[in-house]
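Here is my note on the model, as numbered points. Please read it with the structure open.

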Amino acid sequence: MSSAGVAVQLLLLAFIAFTVSGVQQLTVTPVRGTYLNISSSQVKGCQVCAGTGRSRQCSPSLVIKDSTPVSMEFECSRPQDVFSVEIVRNIECTTKLCNGHIIQADSDSLPLLDFHRKFTWNLRASAPKAFKIDFGSSGVRQINPSERCPDRHSYTLQAFQATGDVAVGKYCRMGPVVSAQILNQGSFSLDVPAGQKLQNAQFDVSVGEEIKSLAKITLTLPKGTSSSELLSPNYPDGFPDGGVMEWYFQVPDKQKTAIQFLNLTQPRCVKKGTTVEYHSTGRKASVRSLTDSQPDHIQGKFTLKLRNCERDRRSVGSAGLSVNFKVSSSSASSSVTCDVDMSKMDGLALHIERLRPASACVMKVNSVPKEKITVTSRSKLTFQDCFPEDVQVTATRVIECSRLKDCPKKPDRLSVPALPPCFPVPLSSVTWTLRPPRGGTVELTSPTELLKQSLPGQQCNDSIVIKVAEDDGTTIGHFCPRGAIQKIQIHTNMSVTVSRVEGEARSTPLKHELSAIFKGEIAESYIFTVSPKRDTPVLLATPGWPVGMKSSTTVSWIVSVPPKMDAHLMFANLSQPKCSNRHTRIRVQRVGYLEEDYSRREDDHAESEITVSSNFYLNMSNCQPERGDFSVITKVTLQKSRLLTIILSVVAALLVIFVIVLVAVCVVIRKKKKKLSHQVSIYNPNGTIFLPGLNGFPKTREDNESHVYASIEDTLVYTDLLRKGAEMGVYGEFDTHQPFTGHTDSQKPLVCSDADTDDAPVGAYQQFQAPPLPARPPSHIQPPVDDVIYPAESEEERSPNLGPRLEPEGGN
C-alpha cells in the first residue's frame with residue numbers, strides 16, 4: 001500500500017466513527033478558543049465515556065475544553081438519537097475592538113456530523129456599549145419560533161439581562177435584517193440538524209452604539225413593493241416588564257412604509273402603559289398606544305420603539321406583552337389634484353415652492369407646470385410624486401386701515417388655517433402684515449394662552465414660534481405660548497409670523513390663534529402688559545434682544561402684582577452704550593405713586609435689583625448711541641409680601657403677650673381663691689363682711705378688694721390691649737363683646753383695618769387702573785424726556801385695565 005493510501009486510512013480512523021460490540025467510538029479535536037458540550041436528552045440510558053484505565057469516566061454529558069484530541073465512546077449503537085453537541089466560543093469586545101469574528105466552519109465538528117449541532121458565540125461588550133453583528137448584504141429574516149428555515153439553518157439572538165435571558169428573535173438566511181445590536185452581553189447561535197453539512201459563512205462583530213434599549217435591529221427595505229413580519233422579544237411569550245425594543249428601517253427614496261399589527265396581546269399595567277413610538281430625523285416623535293391605528297404613509301428612514309409597562313402580576317392569568325406586526329413598503333409615485341377655494345382661507349394668499357430642483361416632484365396650477373405658485377383665488381393644483389421634503393407652503397395676509405375711525409372695532413382673528421388633505425405638506429409659516437393708520441397702534445393679544453419671550457433660560461418647548469418684527473424687518477422678539485405677556489402694543493407697521501421651530505417635523509401642522517386690533521396712538525414705541533405667575537420667574541428682554549434697542553426709542557412693561565405679593569426685579573445681561581445725545585434710562589414706578597422707586601442712567605452705578613410691592617411700570621429708553629448698544633433682560637419673580645410678614649409677626653407677638661397676661665391673671669385668681677377658702681367670715685348687720693385675724697377691719701371701696709372677681713370675662717382682661725391694637729391698626733372697634741367661635745377656613749386672616757386688599761381673597765386677580773401720568777408727545781415723534789416716566793395709554797385710553805388673570809396667583 002502506498003504512503004498516500006496509509007494517510008487516508010489514518011484520517012478515516014481518526015474522524016469516522018465505528019462500532020465495536022455495540023460501542024461507538026470517535027475522536028474530536030476542539031479548535032483553540034472553543035469548547036464542546038455533549039449532552040443527552042435522556043435522564044437514563046446511553047452514556048458517553050472519555051479517558052482510559054482508571055481515568056476513564058462515563059456520564060450523560062461531557063465537556064471538552066482542551067485543544068488536544070479526545071477519544072470518546074458511546075455506550076449505545078445510535079448515540080446520535082440521544083445526544084446533541086454544542087460548540088461554544090466566547091468573543092470579548094473592548095471599547096473599540098472585538099477579539100474575533102463569527103465564522104461558520106465544520107473543521108471542529110466533522111466527526112459529529114451525524115449529531116444535531118448547535119454553534120454558539122457568546123459576546124460581551126464593555127458597558128454601556130452594545131456589540132453589533134453585521135449580517136452582510138444577504139441579511140437574515142425573522143420567523144416564528146415554531147417555524148423552520150428552508151435550508152434548515154436557523155439563527156437565534158439572545159440578550160443576557162440581570163432578570164434573565166431574553167430571546168430577541170429567531171432568523172433564517174436571506175432577508176432585510178442587516179445588523180443587530182445587543183446591549184452589553186448576549187449570544188448568537190446557529191442550529192444545524194443531524195447529517196446537515198454547515199454552510200460556510202462569516203459575520204463581522206464590532207463595538208456598537210450606546211443604546212438604551214434591549215436590542216436594536218436594523219432593516220434595509222428593498223426597492224419596490226415588499227413586506228416583512230417582525231416579532232417582539234420572547235414571542236409568543238411576554239416581553240420583559242419595562243423593556244424597550246428598537247427597530248431601525250432604512251427605506252429607499254420615493255417609497256412609503258406602512259405598519260400593521262397582526263397579533264397583539266397587552267398586559268394589565270400597574271405603572272405607565274405600553275406604547276409604540278415612531279422617530280424620524282428632523283421630525284417630532286409620534287407616540288401611539290398599541291390599539292391606535294398605526295401609520296400607513298411613513299416617508300424615509302425611521303425608528304420604531306416598543307415600550308412595555310410594569311405588568312400587574314397579582315392578577316390571575318395576567319398575560320405579557322407580545323406583538324406580531326407587518327412592515328410594508330411600496331413606491332409612492334402618485335398624482336394628486338386639489339381644488340383650492342381661497343374664500344375659505346381668511347383672506348390669506350398661499351405661496352407654494354418646490355425646494356429640491358433634482359426631485360421628481362412636478363407642481364401644476366390649472367394644468368400649467370410651475371416651480372413657484374401663488375394662489376389668491378379659486379385654483380386647481382396638481383402634485384405629482386411630491387414628498388413633504390420637496391415642497392414648502394407658506395401663507396401671507398395684509399391687514400391695514402387708513403383712518404382710525406374707519407378701523408374695525410372688533411379684533412381680527414389671526415388663525416392658522418388647515419390646508420386641504422391633498423397637499424403634500426402642511427403650512428410651514430403664516431405671516432400677517434399689520435399697517436395701522438397714521439399715528440395709530442397695533443395691539444396684539446393671544447386669546448387662548450399668554451405669551452412668553454424666547455430667551456436663554458426661558459426656552460420655548462412648543463412646536464411653534466411667533467416672530468414679531470417691525471415693517472422694516474427689525475425684530476422685536478420671538479414668542480411662544482404658556483407665558484405671562486397678555487398684550488403687545490407697537491406704534492408702527494409690523495408683521496407677525498407663526499412658524500415651526502427648527503427641527504420640528506414638516507408634517508406637524510401649525511396650530512395657534514392670535515388677535516390684532518388698531519388703537520389710538522401710544523406714547524411709547526412698545527408696551528407690554530405682563531401678569532407674572534407665582535413660582536414662575538418671568539424674563540423680559542428689550543425689543544430686538546440680543547441686538548440693542550433702536551436709537552431714541554422707549555419701551556414700557558405694565559406689570560401686575562397679586563395681593564400680598566412682592567415683585568423682585570433683577571436686571572441681568574445689561575449692555576450700555578456710550579451716548580452721543582441724551583441718556584439711557586431704566587425706571588420703575590408703582591401704580592398710584594408719583595415718586596420713582598428706581599432710576600438708572602448709562603453712567604450710573606445703581607443697584608441691579610429692586611423689590612416692588614404693588615402693580616408697577618418698568619420703563620426703558622435709549623439714547624442716540626455713539627457706540628455700543630442698549631439691551632437688558634429683566635427677571636421678575638413674585639414672592640410673599642414683606643409687609644404681610646411684618647404684620648403677621650406683630651400679630652404673633654401680641655398673641656404671645658395675651659397668653660402671658662391671661663396666665664398671670666389666672667394665677668392671681670387661683671391664689672385669691674385658695675386664701676379665702678381657709679377663713680371664717682363674721683356677719684355684720686350693717687351689711688359688711690369682714691374677716692378676723694390679720695385682715696383687720698373692713699376697708700372703704702377705695703381700700704378694699706370688693707371689685708376683684710372670681711371669674712373675669714376675656715374682654716375685660718384685654719380691654720387695654722385691644723384698644724392699643726386698634727390704635728396700631730391691627731383690630732377694628734370693639735364696642736361689644738363677641739365670643740370667639742374658633743377659626744374656620746372661610747374666615748379671613750387678621751390684617752390692617754385700612755389695608756386696600758382686606759376684601760380680596762388670596763390669589764384672586766384684581767384689575768388695576770393705570771395712573772394718570774402727565775401727557776406728553778409720543779417718543780417716536782419727539783426724543784424722550786429724561787425725567788418723566790411715560791404713560792402707557794393714549795388719550796382715548798387713559799385708564800386701561802389688564803383684564804382678568806387666567807389663573808389664581810399669589811396667596812400664602
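1. Contact here means heavy atoms within 4.5 Å. The model is predicted. With that cut-off, and leaving aside neighbours within four places in sequence, Phe-479 is in contact with Leu-451, Lys-452, Gln-453, Ser-454, Cys-460, Val-465, Ile-466, Val-468, Ile-485, Ile-488 and Phe-528.

2. Where does Phe-479 lie? Phe-479 belongs to strand β41. Its relative accessibility is 0%, so Phe-479 counts as buried. One of its contacts is Ile-466. The two residues are 13 apart in sequence, and their C-alpha atoms are 4.9 Å apart in space.

3. Cys-460, another residue in contact with Phe-479, forms a disulfide with Cys-480. The sulfur atoms of this pair are 1.9 Å apart. The link is left-handed, with -85° about the S-S bond. Cys-460 sits in the loop between β39 (451-453) and β40 (464-470), while Cys-480 sits in strand β41 (residues 475-481), so the disulfide ties together parts that are 20 residues apart in sequence. Both cysteines are buried.

4. How many disulfides does the structure hold? The count is ten. A disulfide is a covalent bond between the sulfur atoms of two cysteines. Two further pairs deserve a look, and they are taken in turn below.

5. Cys-49 and Cys-58 are linked with their sulfur atoms 1.8 Å apart. The torsion about this S-S bond is 115°, and the link is right-handed. Are these two cysteines buried or partly exposed? Cys-49 has 1% relative accessibility, so Cys-49 counts as buried. Cys-58 has a relative accessible area of 32%, so Cys-58 is partly exposed. The cut-off for buried is under 20%.

6. Cys-401 and Cys-407 are joined by a disulfide, S to S 2.1 Å. The torsion about the S-S bond is about -110°, so this link is left-handed. Cys-401 counts as buried because its relative accessibility is 12%. Cys-407 counts as buried too, because its value is 4%.

7. Now the packing. In soluble globular proteins, nonpolar side chains tend to be buried together. The largest nonpolar core in this model has 75 residues. Which members touch the most other members? They are Leu-350, Ile-352, Leu-381, Phe-423, Phe-528 and Phe-571. Phe-528 also appears among the contacts of Phe-479.

8. Ile-352 is worth inspecting by itself. Not counting residues up to four places away in sequence, Ile-352 touches Met-363, Glu-371, Lys-372, Ile-373, Val-375, Leu-381, Phe-383, Val-391, Gln-392, Val-393 and Phe-423. Apart from the largest core lies another, of 70 residues. Its members include Cys-93, Leu-123, Ala-125 and Val-207.

9. Last, the chain as a whole. The chain has four helices and 55 strands. Of its 812 residues, 44% are buried. The chain exposes about 42,600 Å², and carbon and sulfur atoms supply 51% of that area. Among contacts between residues at least 6 apart in sequence, 79% join residues at least 24 apart.

Technical notes: Residues numbered from 1 in each chain as written. Predicted model: local features only at pLDDT ≥ 70, side-chain atom pairs only at ≥ 80, totals over all residues. Heavy atoms only, no water. Disulfide = S-S within 2.5 Å. Buried < 20%, exposed > 50% of the residue type's maximum accessible area, 1.4 Å probe, protein only. Helix = DSSP H or I, 4+ residues; strand = E, 2+ residues; numbered from the N terminus. Areas by Shrake-Rupley, 256 points an atom, 1.4 Å probe, with all protein chains shown as cover. Core = buried A, V, L, I, M, F, W, Y, C linked by side-chain atoms within 4.5 Å.
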